[in-house]
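Please look through the structure below alongside its sequence, taking the interior, the ligand surroundings and the strand pairing in turn.

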Amino acid sequence: MHVKIRKNVKLARYTTFHVGGPAEFFAEVNSVGEVKGVVDFVKKNKLKLFILGGGSNVLLPDKGMKGLVLKVNIKGIKFRNNLTSAGAGEIWDNIVAKAVAKGLSGIENLSLIPGTVGGAVYQNIGAYGMELKDVLDSVEVFDIKSLAVKRFSNKKCYFGYRQSIFQQSENPRYIILEAGLKLSKNYVPNVEYPDLVKYFGSKKASLSEMRKAIIKIRKTKLVYPSDSIGTAGSFFKNPIVSSALFNKIIKQQPDIKGRETDRGRIKLFAGQLVEEAGWKGKRLGSVGASEKHSMVLVSYKGGKAVDIVKLSNLIRKSVKDKFGVDLEPEVKIMA
Ligand SMILES: Cc1cc2nc3c(=O)[nH]c(=O)nc-3n(C[C@H](O)[C@H](O)[C@H](O)COP(=O)(O)OP(=O)(O)OC[C@H]3O[C@@H](n4cnc5c(N)ncnc54)[C@H](O)[C@@H]3O)c2cc1C
């Protein structure tokens with residue numbers, strides 16, 4: 001199968017941070033056949049491979065990337081009863097919109113998360129009390145090692161908090177082609193989150209009202225990329241710490257919030273820690289921590305990946321010094 005492989009393609013326009021120098025080679029694929037063609041080219045020329053979806057969770061280097069950047073555009077959405085399948089290159093929020101319109105629930109709280117279906121699976125996206133893993137049935141992938149198409153059940157994806165098996169090796173082994181979701185015809189609103197409790201009060205939210213509410217809340221609370229601002233959403237994961245460390249922290253600062261997770265560990269809010277460390281709205285040249293959400297790092301006009309990395313390291317150091325907590329990036333940093 002013939003695929004157009006371009007040279008020296010600037011990556012900034014393919015990422016929501018709006019940063020990234022040229023890819024040595026760049027290919028966009030629309031089918032499994034084209035994926036095979038590109039993998040052949042990569043193997044024949046012994047190139048490094050980087051997979052790109054919507055570019056909404058990556059920080060790519062200013063100097064560009066050696067090897068080949070593969071942008072997955074594979075499309076196709078099918079609904080069969082409550083089973084939905086979607087090509088990895090479909091825009092995630094289009095799937096949510098279509099599911100809600102058909103009265104299928106399970107992903108409505110994940111409305112308006114940028115990026116593709118492939119990126120959503122890779123990251124196990126989550127928001128407002130829902131995670132993709134809760135509805136994911138199976139994932140079809142192209143295995144670069146065996147050159148075969150394979151299907152992973154939910155269990156075999158080893159999902160965790162913003163984690164999946166697809167992140168496990170430095171050089172990618174699996175190219176996600178399609179995801180199957182098991183949605184529900186019986187809607188039970190998930191209104192655990194304080195923002196939703198506040199929004200709905202005692203009113204019972206319908207499925208479409210829930211999607212509308214999530215969109216409204218996200219638009220007022222979050223920073224979305226625009227021509228003048230680049231961002232990849234939350235730059236850091238919410239750290240999970242031992243109860244001993246949590247107790248030590250709240251002895252010093254009782255307003256620090258934590259939620260108990262399994263095995264008695266406590267999930268803290270990265271945004272609160274970054275804010276308490278004094279970073280909210282701070283700028284470092286052409287990059288900064290957002291005024292709305294301190295764990296969202298933003299690049300203004302002329303912002304560079306190196307500056308974002310520098311800023312994130314300063315933030316991590318001050319959170320470590322103040323609270324003894326290690327912040328891990330949620331964004332895939334290639335810079
Ligand atoms: C404003 C904003 C708000 C956000 N809010 C949320 C949120 O509420 N919750 C949340 O979880 N995330 C959130 N994000 C992060 C981001 O939207 C998600 O992580 C999204 O799923 C990334 O998808 P993508 O297609 O853009 O992936 P990319 O950024 O292109 O890639 C991310 C990673 O996935 C890999 N990848 C992508 N496609 C494939 C594929 N087909 N096969 C194999 N690997 C692949 C890439 O190699 C890379 O390592 C937000 C981002 C922004 C900018």
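The paragraphs that follow treat a predicted model, beginning with its nonpolar interior.

In soluble globular proteins, nonpolar side chains tend to be buried together. Here the largest nonpolar core has 89 residues, of which Leu59, Val69, Leu70, Val121, Ile175, Ile176 and Val274 touch the most other members. For Ile175, once neighbours within four places in sequence are left aside, the contacts are Val35, Ile51, Val72, Val141, Phe142 and Ile144.

Turning to the ligand, one finds 33 residues around it, and those that come nearest are Gly53, Gly115, Gly118, Gly119 and Gly233. Two or more residues of this shell are given by each of strand S3 (49–52), helix H3 (117–123), strand S8 (126–127), strand S12 (174–182) and strand S13 (230–234), with H3 providing the largest share, five residues. Sorted by class, the shell around the ligand comprises 18 nonpolar, 14 polar and one charged residues.

Strand S12, which thus contributes to the ligand shell, also pairs with strand S10 (residues 136–143), the two running antiparallel and being joined by seven bridges; within this pairing, Asp143 stands opposite Tyr174. S10 is in turn joined to strand S11 (residues 148–153) by six bridges, again in an antiparallel arrangement, and Phe142, listed above among the contacts of Ile175, has Val149 in S11 as its bridge partner. Four residues lie between the strands in the hairpin of S10 and S11, where Leu147 takes a positive phi near 60 degrees.

Conventions: Residues numbered from 1 in each chain as written. Predicted model: local features only at pLDDT ≥ 70, side-chain atom pairs only at ≥ 80, totals over all residues. Core = buried A, V, L, I, M, F, W, Y, C linked by C-beta atoms within 7 Å. Buried ≥ 20, exposed ≤ 12 C-beta atoms within 10 Å, placed from the backbone. Contact = placed C-beta atoms within 7 Å. Near = placed C-beta within 6 Å. Nonpolar A, V, L, I, M, F, W, Y, C, P; charged D, E, K, R; others polar. Pairing = 2+ DSSP bridges.
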